[in-house]
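Here is a set of short exercises to work through with the model open in your viewer. Try each task before you read its solution.

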Amino acid sequence: MELLRTMCHIPAPAGHETQLAEFVLRYVQQNQGQWHSMPAILDGDEFQDCIILVFGSPRTAIFAHLDSIGFTVRYGRQLVCIGGPMAETGYRLVGEDSQGKIDCTLVVVEDTGALSYDYHREIDRGTELTFHCDFRETETTVQSCCLDNRLGVWNALRLCETLEHGIIVFSCWEEHGGGSVAYLAKYIYETYGVRQALISDITWVTEGVQPGQGVAISLRDSLIPRRSYVDRIRRIAAASGIPHQLEVEGSGGSDAKELQHGAQPWDWCFIGAPEDNVHSPDEIVDKRDIESMLALYRVLMREL
């Protein structure tokens with residue numbers, strides 16, 4: 001969990017993922033010598049802040065987005081949302097502008113619902129603010145801001161330890177409309193011929209998906225994946241004996257949006273641990289669901 005704790009403390013609101021991307025790149029370079037296989041590392045200006053790791057002869061790609069939600073400072077102490085953060089007066093926000101480190105308080109204007117901040121000075125316009133990270137670990141849970149999607153990134157990095165064949169993709173902008181997966185998917189399809197994907201992301205606790213009952217395999221959200229592909233995954237999951245749940249939702253989305261709307265024939269399935277207190281400073285995930293998520297991904301990357 002120390003890797004997860006470290007990443008949760010690194011700010012990476014959508015559009016400003018550089019710091020986390022640099023950490024992931026350093027982590028890969030420092031640890032790849034201990035992995036089962038050494039990946040080809042693709043990064044640089046043509047991929048913006050995204051990273052692609054290619055292992056062996058890949059058949060399947062995993063997409064894990066680096067970014068999280070937050071706020072942008074506007075004018076006159078106004079704040080604009082990055083993605084869909086929960087907003088309650090009193091939430092602690094942090095950031096940095098030309099005048100130094102910032103530690104301020106979120107204010108929700110009661111009459112209008114407009115967002116502002118309480119601080120001893122005005123903050124530079126365009127500054128990004130994110131929830132202050134208070135990482136809490138118990139025997140059974142982890143709780144922090146940014147588990148969506150630092151936990152998906154953690155899952156992908158842990159998979160690298162044993163992965164023989166496959167592609168790991170660290171994408172950007174997912175929380176605020178996407179934008180990177182379209183060109184990443186095109187590059188991967190044209191270069192490696194890979195066209196099946198798993199989305200390493202975090203889903204929600206609902207009346208049908210409960211904490212501690214295993215990783216959730218999503219049968220649909222606002223989009224509908226190809227049933228034959230999802231059924232293959234369900235058969236592998238059932239045979240593995242790994243605890244898992246089936247999710248059916250009519251809203252929400254992920255990096256899969258750009259895969260399905262793209263010009264290449266990608267199959268995809270969202271598989272992730274459920275969390276409660278979504279997009280707040282207090283996101284919480286059961287460790288049993290984290291364990292089953294990593295275990296199922298390891299099986300799927302061998303057998304798909």
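**Exercise 1. Overall make-up**

Task: Find how many helices and strands there are in the protein, and work out why its radius of gyration agrees with that of a compact globule.

Solution:
- Step 1. Start with the secondary structure of this predicted model: the protein has 7 helices and 19 strands.
- Step 2. Next comes the radius of gyration. For 304 residues, a compact globule would be expected near 19 Å, and the protein has 19 Å, so the two agree.
- Step 3. Then draw a box along the principal axes: the C-alpha atoms fill roughly 55 × 45 × 40 Å.
- Step 4. Turn to the contacts. Of those with a separation of 6 or more, 76% are between residues 24 or more positions apart.

**Exercise 2. Burial, surface and charge**

Task: State what share of the residues is buried, what supplies the exposed area, and how far apart the mean positions of the positive and negative charges are.

Solution:
- Step 1. Buried residues account for 54% of the 304 in the protein.
- Step 2. The exposed surface comes to about 13100 Å², with 47% of it supplied by carbon and sulfur atoms.
- Step 3. For the charges, take the 25 positive and the 44 negative ones as two groups; their mean positions lie 5 Å apart.

**Exercise 3. An open sheet and its edges**

Task: Write down the strand order of the open sheet of 5 strands, then decide which strands stand at the edges.

Solution:
- Step 1. The order reads β10-β11-β19-β18-β14, and the pairing is mixed.
- Step 2. A reminder helps here: strands of a sheet pair through backbone hydrogen bonds, in either a parallel or an antiparallel sense.
- Step 3. β10 (136-137) and β14 (203-204) each have a single partner strand, so one side of each is left without a neighbour in the sheet, and these two stand at the edges.
- Step 4. Look at the β14 edge in detail. β14 runs parallel to β18 (residues 274-276), and 2 bridges join them. Trp 204 has Glu 275 of β18 as its bridge partner.
- Step 5. Follow the chain onward from β18. The loop between β18 and β19 (283-286) holds Asn 277, a residue other than glycine with a positive phi, near 60°. Its relative accessibility is 35%, between the 20% and 50% cut-offs, so Asn 277 counts as partly exposed.

**Exercise 4. Two hairpins that share a strand**

Task: Trace the pairing from β6 to β7 and on to β8, and find which residues stand opposite Thr 105.

Solution:
- Step 1. β6 (residues 92-97) and β7 (residues 100-108) are antiparallel, with 6 bridges between them. They form a hairpin with 2 residues between the strands.
- Step 2. β7 also runs antiparallel to β8 (residues 115-118), through 4 bridges.
- Step 3. Thr 105 is the bridge partner of Arg 92 in β7, and it stands opposite Asp 118 in β8.
- Step 4. The hairpin of β7 and β8 has 6 residues between its strands, and there Gly 113 takes a positive phi near 80°.

**Exercise 5. Backbone geometry around α3**

Task: Locate the cis peptide bond that joins Asp 148 and Asn 149, then say whether Cys 146 is buried or exposed.

Solution:
- Step 1. The bond between Asp 148 and Asn 149 is cis, with omega about 15°. Asn 149 belongs to helix α3 (residues 147-159).
- Step 2. Cys 146 sits in the loop between β11 (141-144) and α3. Though not a glycine, Cys 146 has a positive phi near 70°.
- Step 3. The relative accessible area of Cys 146 is 11%, under the 20% cut-off, so Cys 146 is buried.

**Exercise 6. The surroundings of Ser 222**

Task: Place Ser 222 in the chain and list its contacts beyond its neighbours within four places in sequence.

Solution:
- Step 1. Ser 222 lies in the loop between β15 (215-220) and α5 (227-240).
- Step 2. With a relative accessible area of 39%, Ser 222 is partly exposed.
- Step 3. Its contacts are Gly 250, Ser 251, Gly 252 and Gly 253, leaving aside neighbours within four places in sequence.
- Step 4. Val 248 is 26 residues from Ser 222 along the chain, and their C-alpha atoms are separated by 9.7 Å.

Notes: Residues numbered from 1 in each chain as written. Predicted model: local features only at pLDDT ≥ 70, side-chain atom pairs only at ≥ 80, totals over all residues. Heavy atoms only, no water. Rg over C-alpha atoms; globule rule 2.2 N^0.38 Å. Buried < 20%, exposed > 50% of the residue type's maximum accessible area, 1.4 Å probe, protein only. Contact = heavy atoms within 4.5 Å. Areas by Shrake-Rupley, 256 points an atom, 1.4 Å probe, with all protein chains shown as cover. Lys, Arg positive; Asp, Glu negative; His and termini not counted. Charge placed at Lys NZ, Arg CZ, Asp CG, Glu CD. Pairing = 2+ DSSP bridges.
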